[in-house]
Amino acid sequence: MKHFLAAAAVALTAIGAFAQGSITLPPSGGNQRATVTQQIGPVTVSIDYSSPHVHSPQGQDRRGKIWGTLVPWGMANLGFGTCKECPWRVGANVNTIFTTSADIQVNGSPLAAGSYALFAIPQQDEWTWIFSRNHTSWGSFFYDPSEDALRVKAKPEKAEYREVLTFDFTERKEDHATVAMKWEELAVPIDITVPNAADLYVATMRNELRNSPGFNDTAWEQAARYALDNKHPVEGLQWAERSINPAGGIGRKSFTNLMTLADAQEANGRIADAAKSRDAAMNDPSATVFDLHGYGRQLIAKGKKDEAMKVFQLNAKRNSGVWPTNGGLARGYSATGNYPEALKYAKLALAQAPDEANRKNLENMIKKLEAGQDINK
C-alpha cells in the first residue's frame, strides 16, 4: 500500500504545481513520457505513457518485486481519490492514453475512434485491459467503471528483460497489428484490427479526388484500380470513366487507363463494353511492347491461352524483331502445346536478351521446352 500512498502524494504535489505556476519540472520519479505511434493501413494508433524503471528512483533493484508487489494482482484500494477498487494505470504519473483515428477492433471487440485511458487488471494467468472514456485524469484514483468503453482479456507472456516499461508494436500488417506492454520480464499483448481498411482508403480517395489529385488522370486510374481490387466496383467504374474523360483537360485515353476501364466494365456486368475497351487499349498508340507482353502473360495466368496467343501475335506484328515479342511468342506457343515453335522463338529471344538475368531465364525456358514442358508453369 505504501507505493500507492506515495503515488497519491506525487499526484497531489503535481496538481499543486499545475495550480501554482507555469514552470516545467522533470517528471516525477524520472518516469519520462513516451509515445509510440503506428500506422495500420489508413488508421493511426498511438499510445502515450510514462515509463517507470525496474530500479527505483533511489537505485533499489526491484526485479522480481514488480508483479504482485509494486503492481498488485487484481484491483486495489489506492488510499486516495474516489475509487475503492482501482485498476493499474499501466505506467506512472498521468494516465496512459490510447488513441485511434478510426474505429478498430481490439482483441476482436469494437472500439470507436477517440482517446481512452488505458488501464489494466493484472493477474498471474490473465489480464484485463480497460479502455476508459475518461482519459484526462491523473492515474486511476478517480476511476469509474461506468466510464469503461471496452474491457478485453489478454494472456501475459514471459519476455526478455526490460528495465523501462515500454509499448512495442511486435507485429505489423496492412490491417492488423499487435502492441505489447513490456516491463521487467513480462509482456502483455493487445491485438488491433482494422476491419474495414479498404472502405477507409476508398473514402480517403473520394475526398482526395476532389482536390489537386483530381486534376490528374493517373490518380483517377489508380483509385479505380484500388476500388476494383477491393470490392468497390461501382466507384471503380466511375473513376475509370473519369480517367479517360477529356473534360477539363483531365482525362486521357491510354493503354493503362483503358485496361482499367475494361476491368471496371466487366466487374459491373458490361461485358461487350469491356471487350471494346480492351481492343482500344491494345491498339492505342501508348501501348508499349512491354504493355502487350504483360497483358498476354496475365491472360495465360487466367487460363485464356488462345486470347494470350492473339495478344503475343499482335505484339510481334507491331513490334517485330525485339526480344520481348519473341519471348512472348515462346510463351504463347508453349501455352497452346506447340513446343517446337515455342523453342524456336525462345532461342531467338535468347540471342536478343539485354542482360544476364533475362538470358538465364530464357536458358531455363529452353531446357524446359527441350524436355517437353510448358514454360508457363
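In the predicted model, Arg151 is partly exposed, with a relative accessible area of 39%. The side chain of Arg151 meets that of Asp148 in a salt bridge, with a distance of 2.8 Å from N to O. Asp148, in contrast to its partner, counts as buried, because its relative accessibility of 15% falls under the 20% limit. The pair therefore joins a buried acidic residue to a partly exposed basic one.

Side chains of opposite charge can pair when their charged atoms come close. A search of the whole structure finds 18 salt bridges. One of them is formed by Glu185 and Arg63, whose closest N and O atoms are 2.4 Å apart. Glu185 belongs to strand S10, whereas Arg63 is found in the loop between S2 and S3, so this salt bridge ties together parts that are 122 residues apart in sequence. Both partners are partly exposed: the relative accessibility is 22% for Glu185 and 42% for Arg63. A further salt bridge links Glu160 with Arg162, the closest N and O atoms being 3.2 Å apart. Glu160 is partly exposed, at a relative accessible area of 42%. Salt bridges also link Arg225, Asp229, Asp263, Glu266 and Arg278 into a network.

Aromatic contacts were examined next. A pair of aromatic rings is described by the distance of the centres and the angle of the planes. The search of the whole structure yields 14 aromatic pairs. In the pair of Trp67 and Trp183, the ring centres are 5.8 Å apart and the planes stand at 85 degrees, so the arrangement is edge-to-face. Trp67 lies in the loop between strand S2 (43-50) and strand S3 (97-100), and Trp183 lies in strand S10 (residues 176-193); the pair therefore ties together parts that are 116 residues apart in sequence. Trp67 and Trp183 are both buried.

The rings of Trp88 and Trp127 are likewise edge-to-face, because their planes are at 75 degrees, with the centres 6.1 Å apart. Here the loop between S2 and S3 supplies Trp88 and strand S7 (residues 127-132) supplies Trp127, so the pair ties together parts that are 39 residues apart in sequence. Trp88 counts as buried at 10% relative accessibility, and Trp127 is buried with a relative accessible area of 0%. Ring pairs link Trp67, Trp88, Trp127, Trp129 and Trp183 into a cluster. Elsewhere, an aromatic ring is placed beneath a charge: the charged end of Arg242 sits over the ring of Trp220, at 5.7 Å from its centre.

The count of disulfides comes to one. This bond is formed by Cys83 and Cys86, with their sulfur atoms 2.1 Å apart. Both cysteines are buried, Cys83 at 3% relative accessibility and Cys86 with a relative accessible area of 2%.

The largest nonpolar core comprises 48 residues, and those with the most contacts inside it are Trp239, Phe255, Met282, Tyr295 and Leu329. Helix H3 (residues 217-229) gives the most to this core, contributing seven residues. Another core lies apart from it and has 39 residues, among them Trp67, Trp88, Trp129 and Phe167. Three of these names, Trp67, Trp88 and Trp129, also appear in the cluster linked by ring pairs. Within the largest core, Met282 is one of the residues with the most contacts. Beyond residues up to four places away in sequence, Met282 touches Phe255, Met259, Ala287, Leu292, Tyr295, Val311, Leu314 and Arg318.

Helix H3 also contains Ala223, which counts as buried at 4% relative accessibility. When residues up to four places away in sequence are set aside, Ala223 touches Met205, Leu209 and Trp239. Ala223 and Ile47 are separated by 176 residues in sequence and by 31 Å in space, C-alpha to C-alpha.

Glu235 is placed in helix H4 (residues 233-244). Although Glu235 has an acidic side chain, this residue counts as buried, because its relative accessibility is 16% and the limit for burial is under 20%. Its contacts, not counting residues up to four places away in sequence, are Val202, Arg206 and Ala227.

Methods. Residues are numbered from 1 along each chain as its sequence is written. This is a predicted model: local features need pLDDT of at least 70, side-chain atom pairs count only at pLDDT 80 or more; totals for chains, interfaces and linings use all residues. Side-chain values use heavy atoms; hydrogens and water are left out. Helices (H or I, at least four residues) and strands (E, at least two) are DSSP runs, numbered from the N terminus. Buried means under 20% relative accessible area, exposed over 50%, partly exposed in between (1.4 Å probe, protein chains only). Contact means heavy atoms within 4.5 Å. A disulfide is a pair of cysteine sulfur atoms within 2.5 Å. A nonpolar core is a set of buried Ala, Val, Leu, Ile, Met, Phe, Trp, Tyr and Cys residues joined through side-chain atoms within 4.5 Å. Rings of Phe, Tyr and Trp (its six-membered ring) pair if their centres lie within 6.5 Å; planes under 30 degrees apart count as stacked, over 60 as edge-to-face and the rest as tilted. A charge sits over a ring if NZ of Lys or CZ of Arg is within 6 Å of the ring centre and within 35 degrees of the ring normal. A salt bridge is a side-chain nitrogen of Lys or Arg within 4 Å of a carboxyl oxygen of Asp or Glu.
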